[in-house]
Amino acid sequence: MNFDKIITRNLTGSDKWDGMKNIFGTADALPMWVADMDFESPPSVIAAMQKRVEHGVFGYTMQTDEYKQSIVNWMKQRHDWEIDPEWLVFCPGVVPALSFAIQAFTEPGDKVVIQPPVYPPFHSVVKDHGRELVLNPLKPENGYYSMDLEALEEILSTQQVKMLILCSPHNPVGRIWSSEELETLVQLCTRHDVLIISDEIHADLIYEKNAHIPLAKLSDEAKNRSIICTAPSKTFNIAGLNTSNIIIPDPDIRSTFMKALQLYHVGSISTIGSTAAEAAYTDGGEWLDEVLTYLQKNIDYVVEYMGKHIPEIKVQKPEATYLLWLDFSSLGMTPNEMEAFLLTKAKLALNKGSAFGQGGAGFMRMNIACPMATVVEAMKRLDAALTEWRIEQKNA
């Protein structure tokens with residue numbers, strides 16, 4: 001697969017490219033923000049969709065046994081996790097699944113724990129439904145983050161928490177949680193009867209084979225109090241097809257969740273989404289291995305370039321995802337000043353770290369799932385902008 005190929009995404013309705021004007025107020029920047037790839041999806045996925053389109057009829061579509069089995073096989077092959085097809089519940093996206101879970105298992109005013117800095121919708125899905133957000137911030141040490149499990153124990157012991165939303169692997173800090181961290185998390189949530197919703201949308205985008213542990217695989221305790229949110233969207237660059245698969249081993253939890261979906265009549269899969277997901281999980285493994293190798297090269301390039309030419313900005317190699325969490329705090333800029341600097345001086349559109357909540361101020365998130373030439377250009381722009389900034393600071 002030629003991941004060096006430059007594909008023009010302008011005028012395709014792309015959030016990342018065509019949406020820049022609305023989000024950033026300019027179209028004159030290199031977009032490295034929204035978490036999708038600038039690569040073509042796997043050839044097997046494209047071929048399967050083309051064949052399905054040629055059929056010409058796109059009526060209501062069911063989740064076939066073959067569709068479900070492709071997911072079962074994938075989980076066994078990539079994560080050594082044996083799941084039952086009955087555990088699978090379709091949802092049009094992971095963020096909608098978080099919303100439905102909150103509605104199904106909590107009431108207005110109930111408390112929900114998240115671990116910032118974390119994916120912005122984790123905050124909004126809690127607050128928008130009138131639930132109380134409880135923060136258990138991650139602990140950074142020299143750029144490497146860990147869970148603050150002592151603080152979590154204090155929270156769960158003193159507050160009536162109903163739910164914890166886990167990001168695993170974590171967006172934006174790129175951590176793959178260890179079995180020890182996850183085991184302690186599950187023990188605490190079991191002790192205090194807290195349901196765990198685990199967003200594992202980045203589970204396939206890992207740089208060490210078998211490093212990610214699906215939470216429900218960990219133990220019977222974990223299996224009986226967790227909802228695992230998965231999707232082929234990030235893995236195979238098919239986010240626009242709105243297909244996710246929620247894995248719920250416990251029958252009572254699964255039934256309650258499905259009732260919430262039925263209330264809004266959103267449980268029907270799309271024809272093309274079903275086709276693409278099944279093809280991806282069946283024949284996309286080799287493509288994924290190739291793209292992971294390419295992404296690792298992009299990550300290494302940025303880390304090495306920053307260390308050599310832009311030491312003011314700190315970056316830790318992520319264990320998972322194609323997102324880099326860049327520490328700009330030494331520049332002393334506010335989040336708005338930093339975003340303006342990047343947009344006007346470096347001509348780069350990145351995600352503002354403050355949007356990820358507590359601990360995010362001073363950071364920016366960069367998406368490197370793009371051709372190496374784009375990454376090289378981004379580093380050149382950032383280097384030039386900071387060289388000019390250093391001169392201005394010296395002369396000020």
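Here is a short chat about salt bridges in this predicted model.

Student: How many salt bridges does the structure hold?
Tutor: Side chains of opposite charge can pair when their charged atoms come close. To count here, a Lys or Arg side-chain nitrogen has to sit within 4 Å of an Asp or Glu carboxyl oxygen. With that cut-off, the number of salt bridges in the structure is 20.

Student: Which helices does the salt bridge between aspartate 289 and arginine 78 tie together, and how far apart in sequence are the parts?
Tutor: The closest N and O atoms of aspartate 289 and arginine 78 are 2.9 Å apart. Aspartate 289 lies in helix H13 (residues 285–309) and arginine 78 in helix H4 (residues 65–79). So the pair ties together H13 and H4, parts whose separation in sequence is 211 residues.

Student: Is aspartate 110, the salt-bridge partner of lysine 162, buried or exposed?
Tutor: Lysine 162 and aspartate 110 meet at 3.3 Å, N to O. Lysine 162 sits in strand E7, while aspartate 110 is in the loop between helix H5 and strand E3. Lysine 162 is partly exposed at 39% relative accessible area. Aspartate 110 has a relative accessibility of 15%, and because the cut-off is under 20%, aspartate 110 counts as buried.

Student: What is the relative accessibility of lysine 76, which pairs with aspartate 80?
Tutor: The two side chains meet in a salt bridge at 3.1 Å, N to O. Aspartate 80 is partly exposed, with a relative accessible area of 44%. Lysine 76 also counts as partly exposed, and its value is 36%.

Student: Which residues are linked in a network of salt bridges?
Tutor: Look at the side chains that join up through salt bridges into a network. The residues in it are Arg9, Lys16, Asp36 and Asp38.

How values were computed. Residues numbered from 1 in each chain as written. Predicted model: local features only at pLDDT ≥ 70, side-chain atom pairs only at ≥ 80, totals over all residues. Heavy atoms only, no water. Buried < 20%, exposed > 50% of the residue type's maximum accessible area, 1.4 Å probe, protein only. Helix = DSSP H or I, 4+ residues; strand = E, 2+ residues; numbered from the N terminus.
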